[in-house]
Amino acid sequence: MSERAYLDWNATAPLRPEARSAMMAALDQVGNPSSVHHEGRSARHLIEQARERIAALVGAEPRNVMFTSGGTEGNMTALSPALETPQNRGGFDRLMISAIEHASVRAGGSFAPGQVEEIPATSDGVVDIGALERRLVELQRQGARPPLVSIMAANNETGVIQPVEAAAAAIHTTGGLLHVDAAQVAGRIPFDISGSGADLMTVSAHKLGGPQGVGALIKQSETLHLAQPLLRGGGQERGARAGTENVAGIAGFGAAAASAIATMAADGERMRSLRDRLESGLAAGPTVVFGRNAERLPNTSLFAAPGLRAETALINLDLAGFAVSSGSACSPASPRARSRSRRPRPRAWTQRALVHRCATSWSRAPRRLRLQCRPPAPRRQLRPKARRRRPEVSLANRTSTKTPPPSPRKNRRCAAVRRFACGPHSHAVPPPEARRPRVGRPRIRRISAYPGQSAKPWHGLP
Ligand SMILES: Cc1ncc(COP(=O)(O)O)c(C=O)c1O
């Protein structure tokens, strides 16, 4: 195997050479950007230059760009009941998210689980704007406060581009706010914060050829105020995000953004033609391409070939030199955790069909077909349950025979570690969640059952 074709671009894209050079130069520079001396001011200059470049990528004002540690932090910060606008000083008591959001949005930010509602999507993987409008009208009729709504600009698995403008128009008529997770869109297709109608938007550097671990939350207007920052303690990022900035990462992000602006049009065309070539080849078999009838990102193709197991195909493709995936890289890798995921899963997965997500790239033009694939969640083994022995309770030690003794602490810890395991090494050290009392996942109220709603919830396959 001489050449590898890396096609997991929606999970993370290779670093652009411009980003690498900018980072190397920044790493060689000493100085805290908050210091007033020459070194500090030089580091500050790198950050402000990057801010301008990212603002230019999405048509925002540089002062409205706040750097974060990535898309996840951007989403977590945005989804806060404490957001304030001149029209809405009291914050928000309701969050509406679409059924196809990334895990970092589905977590609900700082909203309580009961405050989160779900907007369905159609069988093409497009957010159902009709259902959103009906729900907004209903809330208005009930005299409820306007909601904060979060809709992704394009889905990371299907590449389907979402009707953000239409959603923004509906939300703004009721006084609500729209947050857009643009992690998969920024740098791949033109996306302008003002033109889209988004009030807040999240971008992630590593999706557009920048480094991992850096991103930005961008406001459309300066009047939007984050009353309760996620990270507090320092005055960085105008007090909205405390902590010394990741200067090298931010410099790399800025350089990647500038490079994306310059190459986006040509790369988009090339990617589209590669994707179409791949899909026309696939059409020879009984393959289903997800979201084919919808507008999609030029670099992404998600398809299923019934009867083919994704695990087997993934391994074979990997051995043949193709890095492909069958789902979001952010889903927990452990089969147990995956099987618990509430993420809507294409029906084909449960039929043990092969699902490939292909994400073609911009800078290293793939000469052959490039795919990315991750196996679907294996079926849970149905093993006969071992009968639990009733605890033997000694009357001498306990006052009541009805109360079983607590299970040993060690066992509970192991269970928690297993539940959160999500990588090859993650079993070694339990993440903080495993040590704290478990907080329930947000119970998301679906609004698909509201009267007059025609579209079915999205299951991936038409
Ligand atoms: C749509 C979307 N939003 C958010 C994220 C999270 O971004 P990050 O990895 O920078 O935290 C991802 C990453 O996969 C994504 O695809």
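**Close-ups of a predicted model**

**View 1. N10, tucked into a loop.** Let's start at N10, which sits in the loop joining β1 (5–6) to α1. Keep in mind that everything here comes from a predicted model. Is N10 buried or exposed? N10 counts as buried because 27 other C-beta atoms lie within 10 Å, and the cut-off for being buried is 20 or more. Now look for L208: along the sequence N10 and L208 are 198 residues apart, yet in space their C-alpha atoms are 9.2 Å apart.

**View 2. One side of helix α1.** Just after that loop you can follow helix α1, residues 17–27. Which of its residues are buried? They are E18, A19, A22, M23 and A26. These residues share one side of α1, because they cover an arc of only 130° around the axis. A bit of helix geometry helps here: with 3.6 residues a turn, residues three or four places apart point the same way. And what covers the buried residues of α1? The cover includes α2 and α8.

**View 3. Where α2 meets α8.** Here helix α2 (residues 38–58) crosses helix α8 (residues 247–282). Their axes come within 8 Å, at an angle of roughly 35°, and the crossing is left-handed. On the α2 side, the residues making the contact include A43, L46, I47, A50 and I54. Among those that α8 brings are V247, I250, F253, G254 and I261. Sort the residues of this contact by type and you get 15 nonpolar, two polar and one charged.

**View 4. E237 and R238, two neighbours with positive phi.** Both residues belong to the loop between β10 (225–226) and α8. E237 has a positive phi of about 50°, even though it isn't a glycine. R238 isn't a glycine either, and its phi is positive too, at about 55°. So which one is buried and which is exposed? E237 is buried, since 21 other C-beta atoms lie within 10 Å. R238 is exposed, because 11 other C-beta atoms are found within 10 Å.

**View 5. The shell around the ligand.** Zoom in on the ligand and you'll find 15 residues around it. Which of them come nearest? That would be G70, G71, T72, N156 and S204. The shell is made up of four nonpolar residues, ten polar ones and one charged one.

**View 6. Stepping back to the chain.** The protein chain has 13 helices and 15 strands. Of its 462 residues, 44% are buried.

Conventions. Residues are numbered from 1 along each chain as its sequence is written. This is a predicted model: local features need pLDDT of at least 70, side-chain atom pairs count only at pLDDT 80 or more; totals for chains, interfaces and linings use all residues. A residue is near a molecule or strand if its C-beta atom, placed from the backbone, lies within 6 Å of it. Ala, Val, Leu, Ile, Met, Phe, Trp, Tyr, Cys and Pro count as nonpolar, Asp, Glu, Lys and Arg as charged, and the others, Gly among them, as polar. Axes are lines fitted to C-alpha atoms, for helices over the stretch in contact, and angles run from 0 to 180 degrees between N-to-C directions. Helices (H or I, at least four residues) and strands (E, at least two) are DSSP runs, numbered from the N terminus. A crossing is left-handed if the near helix is turned anticlockwise from the far one by less than a right angle, and right-handed if clockwise. Two residues are in contact if their C-beta atoms, placed from the backbone, lie within 7 Å. A residue is buried if 20 or more other C-beta atoms lie within 10 Å of its own, exposed if 12 or fewer, and partly exposed in between; C-beta atoms are placed from the backbone. The arc is that of the directions from the helix axis to the C-beta atoms.
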